[in-house]
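Let's take a walk through this model together, starting from a single residue and working outward. Have the structure open as you read.

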Amino acid sequence: MAIHLVQRAQAYLPCSRARADGDVVVLLGEGVAAALIDANDCYASDTDVVARGLVGVLPTSIKRINDAQLVALCVEHTPVVTWTKA
Amino acid sequence: MNSKNILYLLQQAPYLDNRVFETFDAVLVAAAFDQRVSLLFRGDGVLQLLADQKPEGQRNLAKMLTSLETYEVDQIFADARSFEARGLKVADCAIAPELLSKREIAQLIARQDLVLND
C-alpha cells in the first residue's frame, strides 16, 4: 500500500486520482490547505495545521498526526509518493 | 546489485531550467545500473514528450528521449487525462507513451519500490 505526501493544495486532486484502496494520504506544509477544500479521509501534519491556525476549521475526516506518526506511516507503506504539482 | 522498481513521476514543463535534463540524466544512470525504471509523464510533464521541440542554446529533450531505447528503458507511460486536457495525441510525441487511466496509474504506483519526482 502506497503512502502519498501532498505538499501543495493543488496537488491533492491528482493525488486522489492515483490513490488505490488502502493507500494513505498525508497533507504536509501548504498541502494542509487542501483539507479545507476537497481533501477527505487523510492525515495532516499537526505542526503545519497548528502553524496555519486551521485547528478549529479542520474537517473531522482529517486526522492530525505528529512527526513520529508520519515516520511510522512512511515505514509501513511502500512506495512513498510525493505530490507537488497540479 | 539488487534491482528495484523505480518510477520517475515527470510533471515539470521543460526548458525553464536544467531540472528536466538533470532528471533525465538520473533516469539513464538508474537504467545503466540495471534498475527496473518506468517513466510516468503527467500534468505539464507531458510537454516533455512532444516531438516538435526546437530549443535554441539548450539540449533538445525530444532527441534525448530517443536514447532511452538504447538504455532499454521501455516502460514509458503518460496520464491519459493530462493528454486530453491539452488536446495532445500519442502521434505528437517523440516517443510513444502508453496512456494510462487513473486506475492503471494507481496500479503502476503500487508495483514500485521507489517513486521519484523531477
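## A residue to start from

Does Lys102(B) count as buried or exposed, and why? Lys102(B) counts as exposed, because its relative accessibility is 53% and the cut-off for exposed is over 50%. Please keep in mind that this is a predicted model, so read every value here as computed from that prediction.

Where does Lys102(B) sit? Its place is in helix H4 of chain B. Leaving aside residues up to four places away in sequence, Lys102(B) touches Arg17(A) and Ala18(A). Within its own chain, Asp79(B) is worth a look as well: the two C-alpha atoms of Lys102(B) and Asp79(B) lie 7.4 Å apart, although 23 residues separate them in sequence.

## Where the two chains meet

The touch between Lys102(B) and chain A leads us to the interface. Here chain B contributes 16 residues and chain A contributes 15 residues to the contact. Together the two chains bury about 1200 Å², and carbon and sulfur atoms carry 57% of that area. As for specific pairings, two residue pairs are in polar contact across the interface, both at pLDDT 80 or more, while the number of salt bridges between chain B and chain A is zero.

Which parts of chain B face chain A? Helix H4 (102-110) and strand E5 (114-117) of chain B are the elements that give two or more residues to that side. H4(B) gives the most, with four residues. Sorted by class, the side of chain B that touches chain A holds six nonpolar, five polar and five charged residues.

## Chain B as a whole

Stepping back, chain B has four helices and five strands. Followed along the sequence, they give the pattern β-α-β-α-β-α-β-α-β. The radius of gyration of chain B is 14 Å, close to the 13 Å that the globule rule gives for 118 residues, so chain B is as compact as a globular protein of that length.

For a sense of dimensions, the C-alpha trace of chain B spans about 40 × 30 × 20 Å along its principal axes. Of the 118 residues in chain B, 47% are buried. Contacts that reach far along the sequence are well represented too: among those in chain B with a separation of 6 or more, 75% link residues 24 or more positions apart.

Definitions and conventions
Residues numbered from 1 in each chain as written. Chains lettered and ligands numbered in written order. Predicted model: local features only at pLDDT ≥ 70, side-chain atom pairs only at ≥ 80, totals over all residues. Heavy atoms only, no water. Contact = heavy atoms within 4.5 Å. Buried area = accessible area lost by both parts, 1.4 Å probe. Salt bridge = Lys/Arg side-chain N within 4 Å of Asp/Glu carboxyl O. Polar contact = N/O pair within 3.5 Å; in protein donor to acceptor, adjacent residues only side chain to side chain. Nonpolar A, V, L, I, M, F, W, Y, C, P; charged D, E, K, R; others polar. Buried < 20%, exposed > 50% of the residue type's maximum accessible area, 1.4 Å probe, protein only. Rg over C-alpha atoms; globule rule 2.2 N^0.38 Å.
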